[in-house]
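Biologist: I am new to this structure and would like a close look at a single part of it, namely the aromatic cluster. Could you set it in the context of the whole chain before going into the rings themselves?

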Amino acid sequence: GSEELRRVLWPLYERPEMFRFHDGPVDYWSAFTKVDDEWNRQLRAPLLKLRESDRAQSEPIFREWGMPEGSWFVCFHIREGAHRRRGSENADPLTYVSAMKEVVRRGGFAIRMGNPAMTPLPKLKGVIDYAHAEQRADWLDVALWAQCKFFVGTNSGPLCVPASFGVPTLSTNVPHIGLVPSMRNSMFIPKNCAVASGSEVVPFSTLLGMPVAWTSAKQPAKDKVRLIDNSPDELCLAIIDMFAALQASEHSFGPNTQQLIFDQIRSNAGGIG
């Protein structure tokens, strides 16, 4: 059957890394960006739209969670758990508590998504640990992604889903600054990197000359580098930046001086996405 075929052929799985455009082949990350830019240039509506039946069905559940009618919320998904190849994309969900509290301080609810195997969050006012909620369901995952004010994620599967509904995204703990996710009304904050057991942060211009900047795969011990996860303060400041951008005219996510300098450093090193 198909399940047997999938099991046998999975070792041969290959993700296409190049796409053929009218003006020539384009790498995976640049193709993502190019299509997204053109989609937005044509002022197209978001790719997906939530069904009204799913929206209506989610409302009673929100009331069960203590969310009054008309409440707004921000969804969080923090990747964790064992993975033989891509552990560099993981983060500690407890480092996001300050960021969640910032959402609550502004009058919203923070909803942590995931599954029951994830680290439980402390019980906090306005914070809903949906990963451990009895109402968890596939359709409700989608309803949450589609209705949140913005989405905070790590480099994992759910990251692109809210964007497909036109929801702004904040990518956190991004392990590879050479390859950057690009979505409309989005920001990202990368992990820093230190050499061996030292604490001194490697400059971005130097980091882009190292393999760690170009892959999410587990780094061999011989590379002698150590990724530094975003701190609670950095994550909270990133949340504040998202709110500031959303409150600006026309949801402006225009780059500031420091971001332009960062973009130039990436461009000089061949950064894509």
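**The aromatic cluster in its setting**

Modeller: The protein chain exposes about 15400 Å², and carbon and sulfur atoms supply 55% of that area. Please keep in mind that this is a predicted model. Of the 273 residues of the protein chain, 42% count as buried, and the secondary structure comes to 9 helices and 10 strands. Among the contacts between residues at least 6 apart in sequence, 60% join residues at least 24 apart.

Turning to the rings, the structure holds 9 aromatic pairs. One of them is formed by F62 and W65, whose ring centres are 5.9 Å apart and whose planes make an angle of 40°, which gives a tilted pair. F62 is buried, with a relative accessible area of 3%, and W65 is likewise buried, with a relative accessible area of 15%. W65 also pairs with Y130: here the centres lie 5.7 Å apart and the planes stand at 65°, and because an angle over 60 degrees counts as edge-to-face, this pair is given that name. The pair of W65 and Y130 links distant parts of the chain, since W65 belongs to the loop between α3 (52–64) and β3 (73–77), whereas Y130 belongs to the loop between β5 (127–129) and α5 (138–147), and the two are 65 residues apart. Y130 has a relative accessibility of 0%, so this residue counts as buried, the limit being under 20%. Taken as a group, F62, W65, F73 and Y130 form one aromatic cluster.

Other aromatic rings in the model are met by charged side chains. The charged end of R44 sits over the ring of W39, at 4.8 Å from the ring centre, and K149 lies over the face of W72, where the distance to the ring centre is 5.2 Å.

For a polar counterpart to these ring contacts, one can look at N155, which is placed in the loop between β6 (151–153) and α6 (160–164). N155 is buried, with a relative accessible area of 13%, and its side chain takes part in a polar contact of 2.8 Å with the side chain of E89. A further polar contact, of 3.1 Å, joins the side chain of N155 to that of H176.

Conventions
Residues numbered from 1 in each chain as written. Predicted model: local features only at pLDDT ≥ 70, side-chain atom pairs only at ≥ 80, totals over all residues. Heavy atoms only, no water. Helix = DSSP H or I, 4+ residues; strand = E, 2+ residues; numbered from the N terminus. Buried < 20%, exposed > 50% of the residue type's maximum accessible area, 1.4 Å probe, protein only. Contact = heavy atoms within 4.5 Å. Areas by Shrake-Rupley, 256 points an atom, 1.4 Å probe, with all protein chains shown as cover. Phe/Tyr/Trp six-rings, centres within 6.5 Å; stacked < 30°, edge-to-face > 60°. Lys NZ or Arg CZ within 6 Å of the ring centre and 35° of its normal. Polar contact = N/O pair within 3.5 Å; in protein donor to acceptor, adjacent residues only side chain to side chain.
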